[in-house]
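Have a look at the sequence and the model below. We'll walk through them together, one region at a time.

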Amino acid sequence: METSEAEKEMREWCVALPKVELHAHLNGSVRNSTLLELAKELGDKGVIVFEDVKDVIMKRLKSVEDVDVVLFDSNLRNDETPMSDLSGDTKRKKIYVRLLLSIDRRETTSAALDTVNLAMEMKDQGVIGIDLSGNPVVGEWETYLPALEHAKELGIPTTIHCGEMKLELSEQQVPNRKEIQAMLDFCPQRLADLYNAKHPLSICTDDSGLFSTSLSNEYYLVASTFGLSKTELFRLAQGAVEFVFADDKVKKSLRAVFERAAAETLAS
Ligand SMILES: [Zn+2]
């Protein structure tokens, strides 16, 4: 199908739009080209060693001409994020990555506690929080509650995976069946309801590699599917800054990036 000029212009606008992605899995974000390169370089070894994988991925990242990816700078603490780099030349894009360590709902209490302690240890290496993931009807809250409480005590923020699969719950399984069922039955069209109700929300890819997408593409799809204007799409992207697991200093820098971009991109 031929791409119209309007679509091309909107897609480019979405690429230029500053974006904060709050939810993306590291293993699901590997590009097809990176996987092919890994297979080519490591295939004959039979075993993939993480250190080798890291080198190949980093080499790949360096070959991206217009984007700088900053995984983390071990010389800087999280509260010293060099967001000041974001000012000035807005033509050159930078991607700042921070990590969440994930507790799988199938894990034991001690494994979940280990994950929290590891997150604490890696605080200066880009780890900024904990995620609870996996099948939402597997496991008991009692199993990972001590770990989540431990994270809270340590001041580590927590996020939760939910609504990723369609399930039918019986009355016996959960006391608040209706509410949980509504979360599990999440459908894309509900995005419009949440948006109209001004519910906090942000657009993410989850797995850009697995779904062959990009955050810019997801923003384009949201705009074209729900008929959002550039201003509405911009405000949606801007809103994500408030939900970032970061201190006020980082949020302040991010707000400034959006304010500058608003002056540049919304004025035209
Ligand atoms: Zn996810």
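Asp206 is buried: its relative accessibility is 17%, and the cut-off for that label is under 20%. You'll find Asp206 in the loop between helix 7 and helix 8. Its backbone is worth a glance too, since phi of Asp206 is near 70°, a positive value in a residue other than glycine. Keep in mind that this is a predicted model, so these are computed values throughout.

What does Asp206 do with its OD atom in this model? It coordinates the zinc ion, along with NE2 atoms from His23, His25 and His161, at 2.1 to 2.2 Å. The angles among the four donor atoms run from 83 to 167°, and the site comes out as irregular. A tetrahedral label would need all angles between 85 and 135 degrees, so a spread of 83 to 167° does not qualify. Water is not among the atoms, so a site like this may look incomplete.

Now follow the donors along the chain. Their spacing is H-x1-H-x135-H-x44-D. His161 sits in the loop between strand 5 (158-160) and helix 6 (177-184), while Asp206 belongs to the loop between helix 7 (190-196) and helix 8 (215-226), so this pair ties together parts that are 45 residues apart in sequence. His161 is buried as well, at 4% relative accessibility.

While you're in the loop between helix 7 and helix 8, stop at Lys198, which is found there too. Lys198 has a positive phi of about 55° although it is not a glycine. Is Lys198 buried or exposed? Lys198 is exposed, with a relative accessible area of 72%. So the loop that holds Lys198 also holds Asp206, with Lys198 counted as exposed and Asp206 as buried.

Next, the strands. Strand 3 (residues 99-104) and strand 4 (residues 127-133) run parallel and are joined by six bridges. To see the register, look at Ile103, whose bridge partner in strand 4 is Leu132. Asp104 then stands opposite Ser133 of strand 4. Between the two strands the chain passes through helix 4 (residues 109-121), and strand 3, helix 4 and strand 4 together make a right-handed β-α-β unit.

On to strand 5. Strand 4 pairs with strand 5 in the parallel sense too, over three bridges, and one place to check is Asp131, whose bridge partner in strand 5 is Thr159. Here the chain crosses from strand 4 through helix 5 to strand 5, and this β-α-β crossover is right-handed. Strand 4 thus has parallel pairings with strand 3 and with strand 5. How many residues of strand 4 are buried? Seven of its seven residues are, and the strand is mostly covered.

Just past strand 4, Pro136 lies in the loop that leads to helix 5 (141-153). Pro136 counts as partly exposed, at 22% relative accessibility. Pro136 and Cys162 are 26 residues apart in sequence, yet their C-alpha atoms are 6.1 Å apart in space.

Now jump to helix 10 (residues 248-266), where Ala262 has its place. Ala262 is buried, with a relative accessible area of 15%. Leaving aside residues up to four places away in sequence, Ala262 touches Phe234 and Ala267. Ala262 is also 27 residues from Arg235 in sequence, with 9.2 Å between their C-alpha atoms.

Step back for the whole chain. The chain has ten helices and five strands. Of its 268 residues, 30% count as buried. Residues 24 or more positions apart account for 69% of the contacts with a separation of 6 or more.

Finally, how far should you trust the details? The chain averages a pLDDT of 79, and 69% of the residues score at least 70. Two stretches call for care. Over residues 61-66, pLDDT stays under 50, and the model has six contacts beyond four places in sequence for them. Over residues 73-84, pLDDT also stays under 50, with 20 contacts beyond four places in sequence. Where pLDDT is low, the predicted coordinates should not be read in detail.

Definitions and conventions. Residues are numbered from 1 along each chain as its sequence is written. This is a predicted model: local features need pLDDT of at least 70, side-chain atom pairs count only at pLDDT 80 or more; totals for chains, interfaces and linings use all residues. Side-chain values use heavy atoms; hydrogens and water are left out. pLDDT is the predictor's confidence in each residue, from 0 to 100. Contact means heavy atoms within 4.5 Å. Donors are N, O and S atoms within 2.8 Å of the metal (3.2 Å for Na, K and Ca); water is not among the atoms, so sites may look incomplete. Four donors count as tetrahedral if all angles lie between 85 and 135 degrees; four count as square planar and six as octahedral if opposite donors are over 155 degrees apart and all others between 65 and 115; anything else is irregular. Helices (H or I, at least four residues) and strands (E, at least two) are DSSP runs, numbered from the N terminus. Buried means under 20% relative accessible area, exposed over 50%, partly exposed in between (1.4 Å probe, protein chains only). Two strands pair if DSSP finds at least two bridges between them. A crossover is right-handed if, with the strands pointing away from the viewer, the path from the first strand over the helix to the second runs clockwise.
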